[in-house]
Amino acid sequence: MSISDVVIVGAGIVGAACARECAGRGLRTIVVDALGIGSGATAAGMGHIVVMDDSPMQLALTVYSQRLWRELSAELPADVEFEPCGTLWVAGDDEEMDEVCRKRALYASVGVDSEILDGQALAEAEPRLRRPLSGALLVPSDAVLYPPCAAGYLMREAVRMGAQLLAPQRVLSAGKGRVLLENGTELHAARIVNACGVDAARLLPGLPIRKRRGHLVITDRYPGFVRHQLVELGYLKSAHSLTMDSVAFNVQPRRTGQLLIGSSREYGAETSGVNHALLAAMVARAQAYLPEIGELQATRVWTGFRAATPDKLPLIGPWPEDNTLFLATGHEGLGITTSLATAKLLASAMFGEEAEIPAEPYLPARYLHGEGDAELAAGASGKRRDTEKSHV
Amino acid sequence: MKWSIDILVVGAGPAGIAAAVTAAEAGQHVGLVDDNPVPGGQIWRSGAPLPVTARRWQARLDASSVVRLEGWRVFDCPEPNVVRAERNGFKPAHPDAGIDENRDCAELRCRALILATGARERFLPFPGWTLPNVMGAGGLDAMVRGGLPIAGKRAVIAGTGPLLLAVAAHLAARQAKVEVVCEQAPLSRLARFAAGMLTEPAKLWQGARYRITTRHTPYRTGCWPIAAHGRDRLEAVTLQQGRNRWEVPCDYLGCGFHLVPNIELPDLLGCRIEDGFVATDALLQTSVPGVYCAGEPTGIGGVELSLLEGQIAALAASGNVDRARSLARQRRRRLGFVRALQQACALDPQLRELPQEDTVVCRCEDVRHRELHEHATWRQAKLHTRCGMGPCQGRVCGAAAEFLFGWHAGSVRPPLFPASVSSLVSPREPALADESLVAANAFHENAKETP
């Protein structure tokens, strides 16, 4: 038996960020993971640090967290491959250009600088994009990084400040101040954090988290093929709906010169195998924007599972039915971006402090009255669109 | 031309050739796909006089109705009866290089699939193993067959397995000065193996012949290279045998630690894998109905067993079960040899000490030994160091890591080999407009019309 202040279940980027925050505040912290650091959605994701505005709550969380990453960037070791390349939201027609203008105004209102590029300026910024395109919104403060090593860095920092990592070690149950491991060990802690991503509902049945599978392709090295993270703004017409399988154009340049090609979303897929039809549609979508991308060599394809919630906001904070239990899960495609803010919000909740941004929208309590109510509440409280960008 | 056939054979080494020829002679419409430009696989590589057996099978292949897709590489199998292949030699086009006119991608449909994907050499990392002119034993052999001038050059052949003697004999025949052959297995174990081989007269004879050809070459057992030296390329090798260490100046080091079966394609298809090899029934059907496996992926047994297995799989896949059963009885008698060879070539645990802290283990991603041993699993090591994530997709370092750290490779996903991004989109139909293929198809049509 071991007694600590906090046991964090899950060593993905969210668990690692929480561990760093807890250890940094002097809590005796233990992290347990069934596989190892960054093995779940963290390993599968693109690693795009991005401001998103599907809802005002999402915007607040991503703006805050993107800033935290920038503040941390100077300390990140080389293997994290932090690259402040910015995001280009690509507009295919005038209707999407209207969206560019709306987005720019909204971002400006929350202090995020962005720049409108017309078709000519976009062609100069990214010569390999098809022409003509109407333009794009450049968000220079967005970045990309390599998530497993980012999680590794955060966990090493936590360990440096006294945290302990138990992995590979499967957790059988977690609650009421006790965490039972598969090897029979029982950990006792004043606080438990469920940061298991898609696996969170295994430890807390009934949690409204669904697996949402995504595909990614990685290419051989083509330095300079594209220079920014490129995302289509076409979601007004084509993109990711809440309910259906979908693909969208989303290409990322890695520091290594490799390209990541995304993205896809599907519900109901439980296995890690490749959905050939969806992969083909995803690649075809990328070719529609980058005609030459088909000529590059694809090295690997993989899939991963996002932990999706019905209102597309994460679950961060205490679980009202167990005063020892906290949640930090349900980040869907934004876990890499929002991991640092999640850790801050969680620590504030633990210490009863006011966080830098309002914590209420992310509190797990919103789901205690049933999924339908939460959906309604989310729908009423902001102009959440039925669309999104994907990161896995 | 919609491409649909009865039996598709993947791999044109001995097992694949035997399978394709046997199935075609049994009246099946057969396709044979291989990424090399000519059939023969690794062992029957052109460029050197081929043994009689090889020439006989090649002649049967040439006379058969088998449709050959030479220079096509299978990179995906979305379903057990659907194979996607890309024409080999498609170089990754640099963005500025324009479109490669030769690029092509095909989707082949078949009733039964015979996987004869062969094996590759196992490399173990040691200081200097990435120097130019250090290569696999089989790799060096292939380079020589491909025209590398070796006459008068000094070569050291090292590693484990019967391949070493074959390579040494071939190099000696090409007037190379083979300084020494180093077999890591101890003499006692080789003696046991040789005794067991008395039931295998053909193999014993073959082994003896190699010994005769290389009789001026010392054959050291329990011996291996611990370092390769040189500035821009190999200049010398440090060898170790027991407590003795000495340096041998040389121009080439061919070093291969036996063979690793190519099981990625069967694995992708979901075929059951046992102890690193594809599990089959007596007639070589895998755990996936309609998918057969022949040759080294079922167990490293050499050419004769591969030929036998190719025939068994072809007969079974084409419904000639009685003939398949009778050959399967012959095969069963040879399986003892497979086990004995595996035991004889078992790697000495001391070889785990070969890599130093800064020795590169993954050449593609430049990952060194010290970066790896802190991780608990292959997946963790991959994620945090990128080991095995380069173009070879872990085919080289994965087998090394399995021995060094006891790690097992994870799941296999398409593409099995780097393929052009556009090939991931469903290939065009008809995808094949290849002249040789058209000719072969025409031949097939004619053959059918001939009474």
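**Exercise 1.** How many bridges join strand β16 of chain A to β22(B), and do the two run parallel or antiparallel?

*Solution.* A quick note before we start: this is a predicted model, where local features need pLDDT of at least 70, side-chain atom pairs count only at pLDDT 80 or more, and totals for chains, interfaces and linings use all residues. Residues are numbered from 1 along each chain as its sequence is written, with chains lettered from A and ligands numbered from 1 in written order.

Step 1: find β16 at residues 297–308 of chain A; strands here are DSSP runs (E, at least two residues), helices likewise (H or I, at least four), numbered from the N terminus.
Step 2: count two bridges to β22(B), with the strands antiparallel. Two strands pair if DSSP finds at least two bridges between them.
Step 3: pick out one partnership, A:Ala298 with B:Ala419.

**Exercise 2.** Work out which element gives the most to the side of chain B that touches chain A.

*Solution.* Step 1: list the contacts (C-beta atoms, placed from the backbone, within 7 Å): 26 residues of chain B meet 34 of chain A.
Step 2: α11 (378–385) and β22 (419–420) of chain B each supply at least two residues of that side.
Step 3: α11(B) comes out on top with four residues.

**Exercise 3.** Sketch the open sheet of three strands in chain B.

*Solution.* Step 1: write the order, β12-β13-β14, with antiparallel pairing.
Step 2: mark β12 (223–229) and β14 (244–249) as edge strands, each pairing on one side only.
Step 3: join β13 (residues 236–241) to β14(B) with six bridges, and set B:Gln240 opposite B:Arg245.

Notes
Contact = placed C-beta atoms within 7 Å.
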